[in-house]
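Q: I'm new to reading protein structures and would love a close look at one part of this one. Could you walk me through it step by step?

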Amino acid sequence: MSAVPRSQKPAGRFRRMLDRLSSSQEDLESEELREDTETTGCIRIGDCQDRQIVTVTGTLRTVTLRPRAGVPALEAELFDGSAALDVVWLGRRSIVGIEPGRKLIASGRISMSRGRRVLFNPKYELRPLGRE
């Protein structure tokens, strides 16, 4: 990984080809997710502050059923290339379409829980599968 972000490097065709060849698959996917965040007009997760109302987008990395205070809760990790965010739907055991690898846009108020950003019961929009 280089110290200069890819967006600040020279944009020549040869440079882009070298960057792609020398970057790991994870770096390439992160860059693609960051670009997707910009094109959809969403806020980068890494820029979100506690108690801020946000609209974020990214890819679900994990989806788990984890009870909170005796109530079922569907919990997913949303990643946008800059940082991760836990998305939690309280009282739900499953939601059709919420699965690892799926892209979505989520809106709500960010809170901090155990040092991680969390979005409880967000409004969400599943991104079409054909665009992935």
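In the hairpin of β4 and β5, which residue takes a positive phi, and how many residues lie between the strands?

A: Happy to help! Please keep in mind that this is a predicted model. The residue you are after is Arg114, with a positive phi near 55°. The hairpin of β4 and β5 has 2 residues between the strands.

Let's look at the strands around that turn. Strand β4 covers residues 103-113, and strand β5 covers residues 116-120. β4 and β5 pair in the antiparallel sense, with 4 bridges between them. To see one of these pairings, find Ile110, whose bridge partner in β5 is Leu119.

β4 has other partners too. Strand β1, residues 53-65, runs antiparallel to β4, and 7 bridges join the two. Here you can find Thr57 standing opposite Ile105 of β4. Strand β6, residues 123-126, is also antiparallel to β4 and is joined to it by 4 bridges. In that pairing, Ala106 has Tyr124 of β6 as its bridge partner.

Back to the positive phi for a moment. Most residues other than glycine have a negative phi. Arg114 therefore deserves the attention you gave it, with its positive phi near 55°. Asn121 is not a glycine either, and its phi is positive, about 45°. You will find Asn121 in the loop between β5 and β6. With a relative accessible area of 44%, Asn121 is partly exposed. Another case is Arg51, where phi is near 70°. Arg51 sits in the loop between α2 (25-40) and β1. This residue is exposed, because its relative accessible area is 51% and the cut-off for exposed is over 50%.

Now follow the strands towards the nonpolar side chains. The largest nonpolar core has 18 residues. Val56, Leu78, Leu85, Trp89 and Ile98 are the ones with the most contacts inside this core. β4 is one of the elements that give two or more residues to the core, along with β1, β2 and β3 (84-90). Val56 makes a good starting point for exploring. Among the residues Val56 touches are Leu104, Ile105 and Ala106. Leu119, which you met as the partner of Ile110, is also touched by Val56. The contacts of Val56 further include Cys42, Ile43, Leu78 and Leu85.

Next come the charged side chains. Side chains of opposite charge can pair when their charged atoms come close. This model has 7 salt bridges in total. In one of them, the side chains of Asp36 and Arg127 meet at 3.0 Å, N to O. These two residues link distant parts of the chain, since Asp36 belongs to helix α2 and Arg127 to the segment after β6, 91 residues apart. Both Asp36 and Arg127 are buried. For Asp36, the relative accessibility is 14%, so it counts as buried. Asp36 also touches Thr57, the residue that stands opposite Ile105.

Another salt bridge joins Arg61 and Glu77, at 3.6 Å from N to O. Here Arg61 is in strand β1 and Glu77 is in strand β2 (residues 73-79), 16 residues apart. Arg61 is partly exposed, at a relative accessible area of 42%, whereas Glu77 counts as buried at 17%. Salt bridges that share partners bring Arg61, Glu77, Asp86 and Arg116 together in one network.

A third salt bridge to look at is between Arg44 and Asp47, where the closest N and O atoms are 3.3 Å apart. Arg44 is partly exposed at 34% relative accessible area, and Asp47 is partly exposed as well, at 43%.

Finally, compare those pairs with Asp80, found in the loop between β2 and β3. Asp80 is buried yet has no salt bridge. Its nearest side chain of opposite charge is Arg44, 5.8 Å away. A salt bridge needs the atoms within 4 Å, which means that Arg44 is too far from Asp80 to count. Asp80 does have polar partners, though. The side chain of Asp80 makes a polar contact with the side chain of Ser82 at 2.7 Å. A polar atom of the Asp80 side chain also lies 3.2 Å from the backbone nitrogen of Ala83.

Definitions and conventions
Residues are numbered from 1 along each chain as its sequence is written. This is a predicted model: local features need pLDDT of at least 70, side-chain atom pairs count only at pLDDT 80 or more; totals for chains, interfaces and linings use all residues. Side-chain values use heavy atoms; hydrogens and water are left out. Two strands pair if DSSP finds at least two bridges between them. Buried means under 20% relative accessible area, exposed over 50%, partly exposed in between (1.4 Å probe, protein chains only). Contact means heavy atoms within 4.5 Å. A nonpolar core is a set of buried Ala, Val, Leu, Ile, Met, Phe, Trp, Tyr and Cys residues joined through side-chain atoms within 4.5 Å. Lys and Arg count as positive and Asp and Glu as negative; His and the chain ends are not counted. A polar contact is a pair of N or O atoms within 3.5 Å; within protein, one must be able to donate a hydrogen and the other to accept it, and residues adjacent in sequence count only if both atoms are side-chain atoms. Lists of a residue's contacts leave out its neighbours within four places in sequence.
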